[in-house]
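Q: I should like to learn how to read a protein model step by step. May we begin with what a database record says and then turn to the coordinates?

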Amino acid sequence: MKSSYREALRAGIRDAMIRDERVFLMGEDVGAYGGSFAVSLGLLEEFGPDRIRDTPLSESGFVGAGIGAALGGMRPIVEIMTVNFSLLALDQIVNNAATLLHMSGGQFHVPLVIRMTTGAGRQLGAQHSHSLEGWYAHIPGLRILAPATLEDARGMLWTALQDPDPVLIFEHGSLYNVAGELDDDAGPVDISTAAIRRPGKDVSLITYGGTLPAVLDAADQLAADGIDAEVLDLRTLRPLDDAAILASVARTHRAVIIDEGWRSGSLSAEVSARITEQAFFDLDAPVGRVCSAEVPIPYAKHLELAALPSVERIVAAAKATAGAGG
Amino acid sequence: MTGTSVRHSGSVDAAHSRHLLLQMLRVRQLEEKCVELYSAAKIRGFLHVYIGEEAVAAGVMTSLAPEDAVVATYREHGHALLRGVPAGAILAEMYGYVEGCCRGRGGSMHLFDAGTRFFGGNAIVAGGLPLAVGLALADKMAGRSNVTVCFFGEGAVAEGTFHESINLAALWQLPVLFCCENNLYAMGTALVRSESQTDIALKAAAYEIPAWAVDGMDVLAVEEAARRAVDAVRSGGGPHFLELRTYRFRAHSMFDPERYRTKEEVARWMERDPITLLRAALETAGQLSAAEWEQLQADAQAEVAAAVDFAEAGTPEPVEELTRFVYSEPGGDEELRTGTATRAGTAAARRHAGKTTGTP
C-alpha cells in the first residue's frame, strides 16, 4: 500500500496501542490538535484522552512524568515537538532516564520511548531546526534511533517499546511527507544494526535520518561518473554498529560521513574516529565529512540550503576521497 | 483549611508515641554515626544529614502502606531507613560496597530500594517531582489505589519543574502527596532571599491543591496531617500538599562553614528539637519512664552498631563489573524489573539486623 512516513509512524503508534494496553502517547497537542506534525491525527478519537494525552507546555514535567510512569509499569511514548524544545527536558532525560538503572544498582528500569522531530530544511529558523541527536548519542544509558525509511518509521517503535531502557527516536522533519510503498503487514524491525541502502565498492557514504535521500541521490550521480558508492544507513546512533561500519570500509577502503549536525564534537567525528582507530590500515584515503555549516540555522531559504549537506557537496566530497591516495 | 496550620489533637496512644520516638532516635543515631564515619574517611563524597528534621520522615512514613511509592531528595538517609531499607544496606552503600542498597553505585545521595518502592535519592533539586507525578499517573491509569509521596526542600519551589509538576498533578487529579520540607535554607540561601512569596502552602493552593502548613518539629502533628492527607489522596481526592516547617541543625553538607546563619538562630531552633519535645511530652504525661527512655536509646544504638559491623564487612564490587547496569542485561530478573524483589545485599542486611538486634 501507499504510505507516507507520517502515516507509517502513525500506524506504528496504533499497532503499539492495540497490542499493549500499558502503552499511551503523551505530549503537546498530540490529541485535539492531531499532533503538531499530524502524526497522531485521529488517534484521540480511536483511543480516547487517557491514552492520547494532551499535556501543558511543560517539557520537564511531562518527560519526567513519562519516566515515572515507566517506573510504575506503563510503556509511555512521549512526544516532544522538536529537538530544540527537548532541551527544556534535558535534566530529566540525562539525569534521570539515563541514570536510574545504574544509580539503583540495576533495580529500576525505565522502559520509556521519547519521539521528537529533528533537523532543518523548512525555513523554521534557529529554534526549530537543529540536529542535536549527536548530543544525545553521547549519553550512556540511552538508545538513539533515526528512522530514515518507511519500514523503520513503522517498525522501530514496537521494538523500542520492548526495550527495558529509554529509547529516543529522532524523526527528521523533511521526511514526514516522503511517500512510497509499504507492506500492509510491515512489522517490527531490529534497532541494533546499520543497513546498507545501496551496495557499492568504491566509497562508503555513511549517513542516517534526514540526509539519506540526498545521499542516495548523490550515489546515483556518482554512478553516472563511474564511481560505485555504497550507502550505509546507521539507523541506530547509540550504540553504533561498529561491525557494519568497519565491514563497509573494508570493502571500499574509502569513507565519507554525511551528518546534518555540526562538525565540531559531532556524531560524524565519532564515526570517523572509530574508523581511524579500528580500520586505519584498510583506508586508501583520509575519511571525509559533510556536515552543516557551523551557524545557527538561518531562516532565508538560500542561506539555509547553503548551511546543509547538499547533493553537490556530498558528490564533491566523495570524488575528493575517491581521487585521493592509492 | 488551605494555608492554615495544623496542630495535633492531643490524645495519642502512648505506645505509638514511643514508637515514633524510637523512629526519630533511629534516624538521629544513624546520622550521627554517618558524620563520625565521614570524619574517619569511611564515607566520602557529599554527605547531607537530616538531624533536626527527623519528625517529618517519621510522621509521614508511618502513614503509608507497603505498596505506596516514595520519592526523596539527596538528604534521604532517614527516609530510606524509616521506609524499611535496612541501616546496614544504607551504610554499606555509603562505604561503596556491593552489599549496599545500590551496590555502591549510588552513594549517600542516591539510595534506592525496589523492595520498599523507594525511588531515590534524587540530587537535582525538584528533579524528583515529575517522577512522582508519573508514578502516580501509572497507578491511576492502572486503577491501583496507591499513593506516591514526594519529599523535596523549599529550595525546589524556585525551580520551574516544581510548578510544572504541581500543575500536572492537579490538572490530572493524580494520587500524589507533596511534602515540602521547609528548613528555611536552600544551601545557604534563606527563603526570604529567594522567594517573593514565602508562604509555600499558598503557592500550592494557587494550583487548586489542598495545602496545609504543619509544625515539622512536632511528630504527632506531622503524623496527623500526613494521615489525613494520605487518606484523602487514596480515596480519590487528588493531590495534596504539606509544607512541613522544620530546621536543619547541622551544616548543609560536610563542606559548609555556615556563614549564612547565626549560632543564636540555630540554638533557638534546637530548643524545639523534635526528639526532646516528644520525650518531654511523654515524661510529663507519665508515659515514658527513665528505663524506657534508656531502652529506646539502646535499641537505636544497637541497630546502628550492627549496621556498622555489616558495612565494615562489606566487599567492593569487582572492577570487571564497572559497565554493568548502564543497559539492562538480557534475561534480567523479572522480579527486579517489575520492582517486586529485594536486592541480595539489602536482604542480607535485613537478616543481619534481625540476628543482632531483633529490630526490623
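A: We may begin with the record. For chain A, UniProt lists "domain: Transketolase-like pyrimidine-binding" over residues 3-178, in an unreviewed entry. Please keep in mind that the model before you is predicted. Within residues 3-178 of chain A, the chain is 38% helix and 19% strand, and the end C-alpha atoms are 8 Å apart.

Q: What does UniProt list for chain B?

A: The annotation there is "domain: Dehydrogenase E1 component", again from an unreviewed entry, and it covers residues 24-314 of chain B. That span is 45% helix and 13% strand, with its end C-alpha atoms 26 Å apart.

Q: How many helices and strands does chain A have, and how is its compactness judged?

A: Chain A has 13 helices and 14 strands. To judge compactness, one compares the radius of gyration with the value that a rule gives for a globule of that length. For chain A the radius is 20 Å, close to the 20 Å that the rule gives for 326 residues, so chain A is as compact as a globular protein of that length. Its C-alpha trace spans about 60 × 45 × 40 Å along the principal axes. As for burial, 58% of the 326 residues of chain A count as buried.

Q: Into which domains is chain A divided, and how does one describe the contact between them?

A: Chain A is divided into domain 1 (2-181) and domain 2 (195-323). Their centres, taken over C-alpha atoms, are separated by 26 Å. One then counts the residues on each side: the contact takes 23 residues from domain 1 of chain A and 22 residues from domain 2 of chain A. On the side of domain 1, helix H7 (133-136), strand E6 (143-145) and strand E7 (167-172) of chain A each supply at least two residues. E6(A) gives the most to that side, with 3 residues. By class, the side of domain 1 that touches domain 2 has 10 nonpolar, 10 polar and 3 charged residues.

Q: How many residues of chain A are in contact with chain B?

A: The same kind of description serves here. There are 33 residues of chain A in contact with 38 residues of chain B. Helix H3 (59-71), helix H5 (90-97) and helix H6 (100-103) of chain A each supply at least two residues of the side that touches chain B. H3(A) gives the most, with 10 residues. The side of chain A that touches chain B has 12 nonpolar, 18 polar and 3 charged residues.

Q: Which residues of helix H10 of chain A are buried, and how does one read the two faces of a helix?

A: One lists the buried residues and looks at where they point around the axis. Helix H10 (residues 242-252) of chain A has the buried residues Ala244(A), Ile245(A), Ser248(A), Val249(A) and Thr252(A). They cover an arc of only 130° around the axis, which puts them on the same side of H10(A). The face turned away from that buried side carries the exposed residues Ala243(A) and Ala250(A). The buried residues of H10(A) pack against strand E10 (203-207), strand E11 (229-233), strand E13 (255-262) and helix H11 (267-279) of chain A.

Q: What should one look for in the backbone angles?

A: Most residues other than glycine have a negative phi, and most peptide bonds are trans. One therefore looks for departures from this pattern. His253(A), which follows H10(A), has a positive phi near 65°. The peptide bond from Arg238(A) to Pro239(A) is cis, with omega near -5°, and Pro239(A) is in the loop between strand E12 (236-238) and H10 of chain A.

Q: Where does Arg117(B) lie, and is Arg117(B) buried or exposed?

A: Arg117(B) lies in the loop between helix H4 (87-95) and E3 of chain B, and its phi is positive, near 50°. To judge burial, one counts neighbours: with 23 C-beta neighbours inside 10 Å, Arg117(B) counts as buried. Glu208(B) also has a positive phi, of about 65°, but with 15 C-beta neighbours inside 10 Å this residue counts as partly exposed. Glu208(B) lies in the loop between helix H7 (200-205) and strand E8 (211-215) of chain B.

Definitions and conventions:
Residues are numbered from 1 along each chain as its sequence is written. Chains are lettered from A and ligands numbered from 1 in the order in which they are written. This is a predicted model: local features need pLDDT of at least 70, side-chain atom pairs count only at pLDDT 80 or more; totals for chains, interfaces and linings use all residues. Helices (H or I, at least four residues) and strands (E, at least two) are DSSP runs, numbered from the N terminus. The radius of gyration is taken over C-alpha atoms; the globule rule is 2.2 Å times the number of residues to the power 0.38. A residue is buried if 20 or more other C-beta atoms lie within 10 Å of its own, exposed if 12 or fewer, and partly exposed in between; C-beta atoms are placed from the backbone. Two residues are in contact if their C-beta atoms, placed from the backbone, lie within 7 Å. Ala, Val, Leu, Ile, Met, Phe, Trp, Tyr, Cys and Pro count as nonpolar, Asp, Glu, Lys and Arg as charged, and the others, Gly among them, as polar. Domain bounds come from an automatic or database domain assignment. UniProt positions are given in the numbering used here, feature names are shortened, and annotations may be inferred rather than shown by experiment. The arc is that of the directions from the helix axis to the C-beta atoms.
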